[in-house]
Amino acid sequence: MQQDLLKTVSHLLTIGGDERIVPAHADGTNKYFSSPFPRQTVTYASSTANDISQPAFDHLCDFVSEHALTADMVGTDYAGHLTVLRDRIAAAYGLPQGTDIAFSASGTDLEYIALQAFAGRAPQGIHNVLLGADEVGSGCILSAAGQYFAAQTALGVPTSKGQMVPGLAPVSLSEVSVRNGFGEAFDSAVIVAAMRSEIERALIAGKFPLLHVVHGSKTGLILPHLDDIDALITQYGDSIGFVVDACQARITSPAIGAYLMRGAVVLLTGSKFMGGPPFSGFALVPRATAQRIAPLGEGMATIFRRAELPNSWAGIERLPVNGNAGLTVRLAAALFELERFQALDFHTIARVVEQFRCASLALVDRIGGTRVTPYPFADRESAGSHPIEMRTLTTVDLSGEGRAIDFDGATAIQLKMMRSGVRLGQPVKCARFQGPDMAGKVRGTLRIGISMPQMVALAAMGNEAEAQLERDMAAIGDAFDAALAAD
């Protein structure tokens, strides 16, 4: 009987999402080699996808057993579970009264909620300004343009990748880079100047400018600064809107509150730093923004179930009423991890973050890499004030030491390391080679990211935590050396 429960929980973790969530390998892992069951690996892959932790899996076993949860969950039960989860999220982050919470089966789907939140504000639709396209999820380029990003949605509705979602406001998309060709992050002032240009262009065309902010990007960047956002709000008022990509969940409660106070929609996932299993996401919509939401377009019924969006939103009756047991358990696991982490005191978090930072930077030196800085040069003095965003993730450039490892080479190394039981975050495109031999090619990177459940476990170890981190980094270094030698 217990074995049947374990199988049920693992199965539920692989349903109710798009094609990325299904098992893709013989060992039961998905396309990111993330498993729907606990296992013994050396894993610092929170920037991409986690294995579920043993405590969270045990929690889900109790949760599934208590509620007799099955794959064919009915809509009323689903709505009840999501109501509880909304209350827990609001409490965990201390959200302002009246904040709406909308759920999705992935961070990529959250872009549709952002578009819906600002639909109807201008006659010619939305001009979406996507910040750092290489440092957000790859599918987000499509969903941010109001297009489907996969062959089917989380509801199992067949779609064509790149096809417009019916009923969404017309969307044009432009991208603003966050780094130059050398991999150096642009100052906030440079980013805002580019945004201001896009704003003016959109307003002239009768469109509503929707500006993306990154808070904890794939390499930990936070751009633009809050005071620069305030300057734009002062200049343009309600004729512009903001959406915060905090999908890595490397963000503090005060930072979330600061964005919501400015009318921004904040996007988070439970499957990155939060440490939950892939895929799950939720959008925080401030009251003033939620009160102006246009009626849902017909295409939203191909992506979302009724209980996932706030019941007060106009057009909610368009959406299907069935449940999603898979998303229910993934969200339950993520909230379990968030609440455990939020229970840690500040000094404990600071100690573990610093231990991880030192251990990961020592690893960078050992493997002959260079750290990709998670801040513009002008912000180096203030970088320490963002420990969650900038010190829980170390991105290493592998292209030094005369090795000239490019993006494809780094991807191959990451795959070989995974086969030896060591998982790191996927390579990210943040710099290019400048010399004549490799001109234009993307430099190879790997990302070493810690997660909330790992920090909770390390906090419980006390003085042993530093030694555990050193052992883990040594194992990563050995796996890297072996992968390199295999070439």
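Welcome! Start by selecting the buried residues of helix α6: Ser-188, Ile-191, Val-192, Met-195, Glu-198, Ile-199 and Ala-202. Look down the helix axis and you can see why they belong together: they cover an arc of only 120 degrees around it, which puts them on the same side of α6. Keep in mind as you explore that this is a predicted model.

**Around helix α6**

Now turn to the other side of α6 and pick out Ala-189 and Ile-204, which are exposed. What covers the buried residues of α6? Show β3 (126–131), β4 (171–176), β5 (208–215), β6 (222–223) and α7 (226–236), which are among the elements that do so.

Next, select the whole helix, residues 188–204, and try a little ruler check. At 1.5 Å a residue, the 17 residues of α6 should span 24 Å, and the end C-alpha atoms are indeed 24 Å apart, so the two agree. Just after the helix, stop at Gly-206: its phi is positive, near 75 degrees.

**Into strand β3**

One of the elements covering α6 deserves its own stop, so select β3, residues 126–131. Is this strand enclosed or open? Here 6 of the 6 residues are buried, so β3 is largely enclosed by the rest of the structure. Try colouring its two faces: Ile-126, Asn-128 and Leu-130 lie on one side, while His-127, Val-129 and Leu-131 lie on the other. Both faces are covered, and all of these residues are buried.

Add the partner strands now. β3 and β4 run parallel and are joined by 6 bridges; to find your place, click His-127, which stands opposite Ser-172 in β4. β5 also pairs with β3 in the parallel sense, over 4 bridges. Here the landmark is Asn-128, which stands opposite Leu-210 in β5.

**Last stop: Thr-392**

Finally, jump to Thr-392, in the loop between α12 (387–390) and β11 (393–397). Is this loop residue buried or exposed? Its relative accessibility is 1%, and since buried means under 20%, Thr-392 counts as buried.

Show the side chains of Thr-392 and Arg-250 together: a polar contact of 2.9 Å joins them. Then display the other residues that Thr-392 touches, leaving out those up to four places away in sequence. Besides Arg-250, you will find Phe-273, Val-353, Phe-356, Pro-387, Ile-448, Gly-449, Ile-450 and Met-455.

Key
Residues numbered from 1 in each chain as written. Predicted model: local features only at pLDDT ≥ 70, side-chain atom pairs only at ≥ 80, totals over all residues. Heavy atoms only, no water. Expected span 1.5 Å × (residues − 1). Buried < 20%, exposed > 50% of the residue type's maximum accessible area, 1.4 Å probe, protein only. Arc of directions from axis to C-beta. Contact = heavy atoms within 4.5 Å. Pairing = 2+ DSSP bridges. Polar contact = N/O pair within 3.5 Å; in protein donor to acceptor, adjacent residues only side chain to side chain.
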